[in-house]
Amino acid sequence: MLRIAVLGGGASPEHEVSLVSASEVIKGLHDLEFDSGGIKVLPVRISRDGLWHLGSLSVPDAGYSAQDLRRLESERPGLSGPRAVLELRQRGIGLVFPALHGAFGEDGRIQALCELADLPFVGSGPMASGAGMSKLLSRHLLLGAGLPMARGWIPDRRRATEESPESLLAWIRDEEGLSFPWFLKAELSGSSPGVEKVTTAGEFAPAPLRLRDRKECATGDEGIQGVEYPVAVLGKAGDRRR
């Protein structure tokens, strides 16, 4: 029998969205239970302060909700991450499904904990997760691989966090030569939180200040017209399976 721990919540601003994602994963696993002949799920809520609250191992529930995950924080004692993954090992968990969003979920730290405990998990490993979370590092890797990208603003940390909006505006517009609209983005947040669209010079000043209020370093891109194509990538380089 396969025992799967589904992680929801987390210490990022995307905590609530993650609870919904985790509950949907648990409901989806219910549909697989009949084909596999043996799945049990352990729901886990990671609180906003990083403590893990482990539920009970049971057959996947088609009616499981985000509210059920929320209740774990008041019903179950919280464990630190390292202690929690050891507890997962002791309960015979064979797979971890991190339905987590943002920092402390998609950035490689949870993945590294699982690897240290020799727990298989869904998704990319620590290095790929960390690279994918950083918009700045992702940009360097993609450009280094020869892939075309929108022209961007790549500041050093001091300039992004300390210079005045007026100075940044002049640099991006005049030195970098980027045309409006611009998209300023929180460097280590998820794909959409912290995105600021700037269409004129007069709109610029509040945008970097709002990002600084989030304790985030900003990057920026020139807006382009195009069509968005979501692409799922399965396997890895050199994998012969189709």
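Student: In this predicted model, how many bridges join strand 6 to strand 8?

Tutor: Strand 6 covers residues 182–186 and strand 8 covers residues 218–222. The two strands run antiparallel, and Leu-184 stands opposite a residue of strand 8, Gly-220. The number of bridges that join strand 6 to strand 8 is 5.

Student: Which strands stand at the edges of the open sheet that has the order 5-8-6-7?

Tutor: This sheet is formed by 4 strands, with antiparallel pairing. An edge strand here has a single partner strand, so one of its sides is left without a neighbour in the sheet. The strands in that position are strand 5 (152–153) and strand 7 (196–198).

Student: At about what angle does helix 9 run to strand 6?

Tutor: Helix 9 is made up of residues 206–213. The helix lies across strand 6, strand 7 and strand 8. Its angle to strand 6 is about 10°.

Student: Within what arc do the buried residues of helix 9 fall?

Tutor: The buried residues of helix 9 are Ala-207, Pro-208, Leu-211 and Arg-212. Seen down the helix axis, these residues line one face of helix 9, because they fall within a limited arc. They pack against helix 7 (157–162), helix 8 (165–175), strand 6, strand 7 and strand 8. The arc is 135°.

Student: Which residue just after helix 9 takes a positive phi?

Tutor: The position in question follows helix 9 directly. Its phi is about 60°. The residue is Lys-215.

Student: Is Asp-107 buried or exposed?

Tutor: Asp-107 is found in the loop between strand 4 (95–98) and helix 4 (109–116). Its relative accessible area is 14%, and a residue under 20% counts as buried. Asp-107 is therefore buried.

Student: Which side chain is joined to that of Asp-107 by a polar contact of 2.6 Å?

Tutor: The side chain of Asp-107 reaches the backbone nitrogen of Phe-104 at 2.9 Å. The contact of 2.6 Å, by contrast, joins two side chains. The partner of Asp-107 in that contact is Arg-109.

Student: What is the relative accessibility of Ser-129?

Tutor: Ser-129 has its place in helix 5 (residues 126–133). Leaving aside neighbours within four places in sequence, Ser-129 is in contact with Glu-106, Asp-107, Gly-108, Gln-111 and Ser-124. Asp-107 also has contacts with Gly-102, Pro-126, Gly-130 and Met-133. Ser-129 counts as buried, and its relative accessibility is 9%.

Student: By how much are neighbouring strands turned against each other on average in the sheet of order 3-2-1-4?

Tutor: This is an open sheet of 4 strands with mixed pairing. Strand 3 (52–54) and strand 4 each have a single partner strand, so one side of each is left without a neighbour in the sheet. With direction ignored, the average turn between neighbouring strands of this sheet is 25°.

Student: Which residue of strand 4 stands opposite Leu-7?

Tutor: Strand 1 (residues 2–9) and strand 4 pair in the parallel sense, over 4 bridges. Opposite Leu-7, in strand 4, stands Pro-98.

Student: How many residues are in the largest nonpolar core?

Tutor: In soluble globular proteins, nonpolar side chains tend to be buried together. In this core, Leu-7, Val-44, Trp-52, Leu-88, Val-96 and Leu-119 touch the most other members. Strand 1, strand 2, strand 3, helix 3 (81–90) and helix 4 each give two or more residues to this core. The number of residues in the largest nonpolar core is 19.

Technical notes:
Residues numbered from 1 in each chain as written. Predicted model: local features only at pLDDT ≥ 70, side-chain atom pairs only at ≥ 80, totals over all residues. Heavy atoms only, no water. Pairing = 2+ DSSP bridges. Contact = heavy atoms within 4.5 Å. Axes fitted to C-alpha atoms, helices over the stretch in contact; angles between N-to-C directions. Buried < 20%, exposed > 50% of the residue type's maximum accessible area, 1.4 Å probe, protein only. Polar contact = N/O pair within 3.5 Å; in protein donor to acceptor, adjacent residues only side chain to side chain. Arc of directions from axis to C-beta. Core = buried A, V, L, I, M, F, W, Y, C linked by side-chain atoms within 4.5 Å.
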